[in-house]
Amino acid sequence: MARNVTTGRKIGTTILAWFVGLVIFFPILWTFLTSFKTELQAISIPPVFVGFDWTLENYRTIQTQSNYFHFMANSIYLSLGSTALGLIFAIPAAWAMAFSPTKRTKDVLLWMLSTKMLPAVGVLIPIYLLFVRFGLLDSRLGLIVVLFLINLPIIVWMLYTYFKEIPGEILEAARMDGASLGKEITQVLAPMAVPGIASTILLNVILSWNEAFWTLNLTTSNAAPLTAFIASFSSPQGNFYAKLSAASMLAIAPILIVGWFSQKQLVRGLTFGAVK
Amino acid sequence: MATLHTKSAARAMMAPAVIVLLIWMIVPLAMTLYFSTLNYTLYNPISTPFIGFENYSYFLTDPTFLAALANTLILVLGVLAITVIGGILIALLLDQEFYGVNIVRLLVIAPFFVMPTVAALVWKNMMMNPVYGVIGQLLQAVGLAPIDWMTEVPLLSIVIIVAWQWLPFATLILLTALQSLSADQKEAAEMDGAGALSIFWYITLPHMSRAITVVILIQTIFLLSIYAEILVTTQGGPGSQSTNITYLVAQQATSYGDIGAASAGGIVAVVLANIVAIFLVRLIGKNLDA
Amino acid sequence: MRFSMLTASACALIAVAATSAEAQTTLTIGTVNNSDMIRMQGLTPEFEKAHPDIKVNWVTLEENILRQRVTTDIATGGGQFDVMTIGTYEVPIWAKQEWLKPLDGLGDGYDMDDLIPAIRSALSSDGKLYAAPFYAESVLTLYRKDLFEKAGLTMPEKPTWDFIAEAAEKVTDKDAGIYGICLRGKPGWGENMAFLGNMAREFGANYFDADWKPQFESEGWKKAVTLYVDLMQKYGPPGAASNGFNENLQLFGQGKCGMWMDASVAASFVTDPKQSQVPDKVGFAPAPCGVEGCPNDGFNWLWAWSLAIPNSSQKAEAAQTFISWATSKEYLELVAEKEGWANVPPGTRTSLYENSKYTEAAPFAEATLNAIQHADPSPTDDKPYYGLQFAAIPEFQGIGTAVGQQMAAALSGSATVDQALKQSQAIAEREMSRAGYPK
């Protein structure tokens with residue numbers, strides 16, 4: 001039942017909420033606008049908001065300088081590849097933890113999470129040497145494996161908390177009916193788990209897309225994703241705000257759009273067991 | 001029999017994930033432990049004599065070590081404070097009825113999709129630059145002197161940038177929790193004559209406590225190893241005012257090429273992270289009845 | 001049947017792909033995102049047209065990230081790059097490590113004797129060239145002729161720091177947004193320390209003395225840093241402690257700086273009407289001098305961004321072909337033809353400075369050549385290391401960066417000059433004793 005809200009209050013809330021939303025969004029909006037300015041307009045004082053000559057010049061310059069689509073394709077490969085691999089390993093593990101918990105389940109989970117606390121820089125040289133040894137440098141496969149491993153704990157945990165909310169009675173009923181383990185998963189569990197899995201996929205794609213330490217240090221060109229693309233524009237000589245803005249927009253736009261369109265799915269599973 | 005069967009099945013299902021993570025943890029960790037006892041620099045990779053704990057004493061007596069430790073704590077706690085408090089307030093706001101809820105929601109969650117390097121570059125150059133940055137221009141427009149963020153308040157600047165990135169995550173989780181609070185409960189309290197503030201304090205906040213725990217746990221994991229944002233903005237300075245432990249370790253490896261010291265630093269960081277982890281589990285783990 | 005046909009054609013396809021891959025060598029080149037390199041990247045099709053069997057793959061990264069990438073790669077034998085862009089700091093160290101291939105196949109038309117001697121010797125070890133200079137720079141004092149005229153000042157042929165201090169005060173007009181002096185403040189061994197290390201030399205001090213003892217608490221460093229902080233706090237732009245070369249370039253180009261001492265390559269940007277609002281108002285003078293009786297050759301630094309081949313590259317021959325092209329006289333002409341003479345990469349070849357088309361188009365040519373020719377990075381009796389604004393030992397990179405942070409702290413006022421120098425000395429002594437100096 002919606003409570004009655006006075007129009008006055010509603011308008012007040014509207015103003016406040018829009019103000020907060022715009023303040024939070026402002027850096028992105030400003031980057032978007034700046035990406036269509038000339039370099040001189042980008043640093044003009046006082047700043048121009050929309051009253052400038054919109055130009056696509058920056059985007060053109062960037063595309064001639066580095067092939068954006070190559071980097072974007074790599075970002076897609078890496079994030080989807082690591083996510084797929086992650087699901088293959090995480091779904092059974094999370095399922096087992098949720099439906100056959102033991103005393104140690106919680107410890108295992110927390111231990112998994114604690115592997116994420118290792119500072120990556122501390123193990124850069126060991127990993128680099130391993131990559132040299134196995135010829136994995138600048139290969140998508142090598143990076144997919146690394147991204148998969150660093151995100152696996154989060155995936156397991158997210159799925160686990162989601163699975164745990166599925167009532168066990170349903171499973172028991174299915175078992176009584178003599179359903180096999182396989183049937184139990186595919187026919188009973190899967191339909192209920194789909195939203196959680198969808199949300200997990202989204203979060204993992206976002207995390208992989210934005211990972212900027214390993215992707216930068218273990219690639220040169222063949223496997224280099226958008227994080228490396230951005231590193232070529234981060235502080236060149238001369239005025240660069242407009243070009244940096246355009247490159248930034250290109251780097252974040254795909255994931256931002258995907259995120260926006262699927263935010264409902266993302267939010268649904270993004271509870272980590274926080275909601276009972 | 002059935003339970004035994006499911007138990008072993010469960011173990012088999014968990015095994016692959018546990019094993020790969022174990023390998024991922026142990027192999028680099030063992031190599032790092034080994035390197036941490038060697039005099040190993042990038043410039044002399046051939047002769048790497050064993051030197052025992054020298055790298056550890058070198059890293060721990062680094063004049064910036066304690067400052068880095070303090071900065072790490074300030075960074076983690078600062079971001080947590082902003083995102084949790086800000087997240088609660090914004091969640092409360094988004095839970096109200098107003099025009100354009102869906103669009104405002106999109107605006108608020110957007111920073112979560114921005115990669116850390118881009119966020120740091122945008123804030124450093126377009127927002128916080130004292131001459132061309134929007135914040136400086138706004139301050140000047142109202143007659144105040146612009147702040148030179150990266151020099152005057154370097155650590156605060158990084159806290160702001162990182163908090164901006166994580167605020168959406170906290171808001172989303174807290175909002176979901178908030179929305180699961182039944183309207184009946186609130187209405188019942190309202191009937192009893194409870195004011196908005198006491199409803200928040202006695203009903204809403206306890207209801208969200210679990211969500212707050214989750215936000216703290218997950219964010220701490222990511223916040224302990226902040227690196228890109230510092231590298232892009234202040235590079236740990238001026239002096240060591242914005243150097244955290246991760247950055248200190250990175251400096252050993254990247255600017256000194258000292259793999260021995262970086263490895264020792266890495267091990268120290270792992271130990272510290274585990275202390276935090278134990279602390280976290282004690283403090284809030286109960287809240288997460290797994 | 002169908003299946004086997006498919007397989008067969010697939011095999012044939014793979015075979016075709018393999019042979020064409022064999023015929024064409026792909027070079028991976030790591031470079032900095034500086035304008036001259038980006039221009040080179042843009043001209044790659046010309047190279048590929050002339051050498052159809054070679055394909056070039058660019059990895060363009062921001063300076064710090066590139067340096068970290070190539071160092072990790074070369075030290076671990078990763079073999080990711082066929083050509084690396086490195087500077088005069090790395091070349092002597094890496095050549096000594098035997099990480100680089102000597103460049104002995106640059107071709108007959110390369111005319112190695114045309115390379116400016118100071119640069120050639122900076123990139124050679126035991127008489128062998130280990131990296132080919134792409135562009136080189138020294139230091140210049142850039143100043144605004146119009147503002148000097150307005151303030152009734154004339155830039156002397158050899159400015160002293162006393163004069164610079166006086167001029168900075170007179171030119172500053174903060175209400176009009178004009179700051180008397182802009183200098184590097186962003187911490188880093190290649191950023192503020194390049195400037196400050198050279199400024200300390202202008203006051204008679206080096207990084208290390210003959211016994212490798214760090215000199216940060218010496219008289220020269222004290223005078224230099226005290227003056228630097230004083231000038232910048234009084235007459236410098238806001239946020240100076242985060243201004244590097246690029247930020248100052250932006251400020252100067254917008255007409256906000258009266259004077260700017262920095263890399264000579266800045267001259268071609270601030271005189272380019274496309275990038276600068278004050279293209280015809282800039283004057284050039286040598287770096288200032290802080291000691292009595294300025295020596296004739298002044299105090300210049302030397303830096304050359306150069307192309308080198310790591311030992312781990314399997315494609316050294318093609319790599320040399322590329323390097324030869326990118327650092328040749330013909331390349332300079334190519335850039336001149338496409339972008340105008342003022343935009344060619346400066347500082348590497350004597351013939352460029354004898355070319356009247358260049359000297360006419362580039363008002364800064366003479367000052368640049370003069371500064372480069374009078375820079376001698378070789379070790380001396382009281383300076384055991386190679387280098388002027390840096391010390392070419394592996395430890396310097398870390399020390400320089402940490403000391404640079406201390407200087408930024410002094411500049412921002414969060415530490416006094418004395419505190420910062422004391423800290424710097426402590427940091428440097430700690431590192432040097434760990435590394436086992438004196439060696």
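Start by selecting A:Leu16, A:Ala17 and A:Val20 in helix α1 of chain A, then add B:Ile90, B:Leu93 and B:Leu94 in helix α3 of chain B: the two groups meet. By class, this contact of α1(A) with α3(B) has six nonpolar residues, no polar ones and no charged ones. Keep in mind that the model you have open is predicted.

Now widen the selection to the whole of both helices, residues 7-34 of chain A for α1 and residues 65-94 of chain B for α3. Two packed helices are described by the angle between their axes and the distance between the axes. Here the angle is about 135° and the axes are 10 Å apart. An angle over 145 degrees would count as roughly antiparallel, and 65 to 115 as roughly perpendicular; α1(A) and α3(B) are therefore oblique to each other. Their crossing is left-handed.

Stay with chain B and select residues 65-94 alone. This span is 100% helix and 0% strand, with its end C-alpha atoms 42 Å apart. An unreviewed UniProt entry annotates residues 65-94 of chain B as "transmembrane region", and residues 106-123 are also among the spans so annotated. Select residues 106-123 of chain B next: the chain there is 67% helix and 0% strand, and the end C-alpha atoms are 20 Å apart.

Last, show chains A and C together. How many residues of chain C are in contact with chain A? There are 24, and they touch 21 residues of chain A. On chain C, select α2 (35-42), β2 (54-61), α4 (63-76) and α11 (245-253); each supplies at least two residues of the side that touches chain A. The residues of that side of chain C divide into seven nonpolar, 15 polar and two charged.

Terms used
Residues are numbered from 1 along each chain as its sequence is written. Chains are lettered from A and ligands numbered from 1 in the order in which they are written. This is a predicted model: local features need pLDDT of at least 70, side-chain atom pairs count only at pLDDT 80 or more; totals for chains, interfaces and linings use all residues. Axes are lines fitted to C-alpha atoms, for helices over the stretch in contact, and angles run from 0 to 180 degrees between N-to-C directions. Helices (H or I, at least four residues) and strands (E, at least two) are DSSP runs, numbered from the N terminus. Angles under 35 degrees count as roughly parallel, over 145 as roughly antiparallel, 65 to 115 as roughly perpendicular and the rest as oblique. A crossing is left-handed if the near helix is turned anticlockwise from the far one by less than a right angle, and right-handed if clockwise. Two residues are in contact if their C-beta atoms, placed from the backbone, lie within 7 Å. Ala, Val, Leu, Ile, Met, Phe, Trp, Tyr, Cys and Pro count as nonpolar, Asp, Glu, Lys and Arg as charged, and the others, Gly among them, as polar. UniProt positions are given in the numbering used here, feature names are shortened, and annotations may be inferred rather than shown by experiment.
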